[in-house]
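Good morning, and thank you for the time. I should like to take the group through one structure, beginning with the chain as a whole and ending with a few individual residues.

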Amino acid sequence: VFQVPEVSRGVAMGDIDNDGDLDAVIVNSNGPARLLVNRIGNAQGWIGLRLVDTHGRDAYGARVRVERDRGPVLWRRVRSDGSYASAHSPRILVGLGKSRPKTLTVTWPDGGREQWTGLKPNTWHTLRQGEGKGLPARTGKTARKP
């Protein structure tokens, strides 16, 4: 596919085959779209997340704090922006390396906070607003954004 000269207009990224690595769909001008499936695999751990709000929709703008058994805390945000004429998958893919997730804290777009523990690595999880352990909302100067 890289030997064919084409004029491309955008790329959408996401884990098409749910194996823990990013795949790409390239949108071409006056030509077919191209699906590039990442077949290299992942030698390290990962966790995949879909965050769903109380209305059953993807929770755009939600932030996730991932505490691991070793290594720094990781932050991710639900979003789909990033490329012209394309939208990325709103699902979150977090590379864990050799660590394991301990605690995931979600700050929902409405400011509510919930926590999940015991999520298995190397699989996809759907976290629904209202199903995690509720936490007090951050207020005042102690609030931190990633």
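What follows is a short account of the fold, the surface, the main pocket and three residues.

Please keep in mind throughout that this is a predicted model.

I begin with the secondary structure. The chain contains 11 strands and zero helices. Read along the sequence, the pattern is therefore β-β-β-β-β-β-β-β-β-β-β, given how helices and strands are assigned. The C-alpha trace spans about 55 × 30 × 25 Å along its principal axes. Contacts between residues at least 6 apart in sequence were also counted, and 48% of these join residues at least 24 apart.

I turn next to burial and surface. The chain has 146 residues, of which 34% count as buried. The exposed area is about 8900 Å², and carbon and sulfur atoms supply 50% of that area. As for charge, there are 24 positive and 14 negative charges, and their mean positions are 8 Å apart.

How much space lies in the largest pocket? The value is about 310 Å³. The pocket is lined by 15 residues, and those closest to its centre are Leu 22, Ser 89, Arg 91, Ile 92 and Leu 93. Strand E1 (8-14), strand E6 (74-77) and strand E7 (92-97) each give two or more residues to this lining.

Now to the individual residues, starting with two asparagines. Asn 30 is found in the loop between strand E2 (23-28) and strand E3 (34-36). Its phi is near 55 degrees, a positive value in a residue other than glycine. Is Asn 30 buried or exposed? Asn 30 counts as exposed because its relative accessibility is 83%, and the cut-off is over 50%.

Asn 122 sits in the loop between strand E9 (113-117) and strand E10 (124-128). The phi of Asn 122 is also positive, near 60 degrees. At 45% relative accessibility, however, Asn 122 counts as partly exposed.

The last residue is Gly 134, which lies in strand E11 (residues 133-135). Which residues does Gly 134 contact, leaving aside its neighbours within four places in sequence? They are Arg 113 and Glu 114. Gly 134 has a relative accessible area of 55% and so is exposed. Between the C-alpha atoms of Gly 134 and Leu 35 the separation is 40 Å, and these two residues are 99 residues apart along the chain.

That concludes the presentation, and I would welcome discussion.

Technical notes. Residues are numbered from 1 along each chain as its sequence is written. This is a predicted model: local features need pLDDT of at least 70, side-chain atom pairs count only at pLDDT 80 or more; totals for chains, interfaces and linings use all residues. Side-chain values use heavy atoms; hydrogens and water are left out. Helices (H or I, at least four residues) and strands (E, at least two) are DSSP runs, numbered from the N terminus. Buried means under 20% relative accessible area, exposed over 50%, partly exposed in between (1.4 Å probe, protein chains only). Contact means heavy atoms within 4.5 Å. Accessible areas come from the Shrake-Rupley method with a 1.4 Å probe; for residues, only the protein chains shown count as cover. Lys and Arg count as positive and Asp and Glu as negative; His and the chain ends are not counted. The place of a charge is taken as NZ of Lys, CZ of Arg, CG of Asp or CD of Glu. On a 1 Å grid over the protein atoms alone, a cavity is a set of points where a 1.4 Å probe fits but cannot get out, and a pocket is an open set with protein on both sides within 12 Å along at least five of seven lines; lining residues have an atom within 4 Å of a point. Grid points are joined across faces, edges and corners, and a volume is the space filled by probe spheres set on the points.
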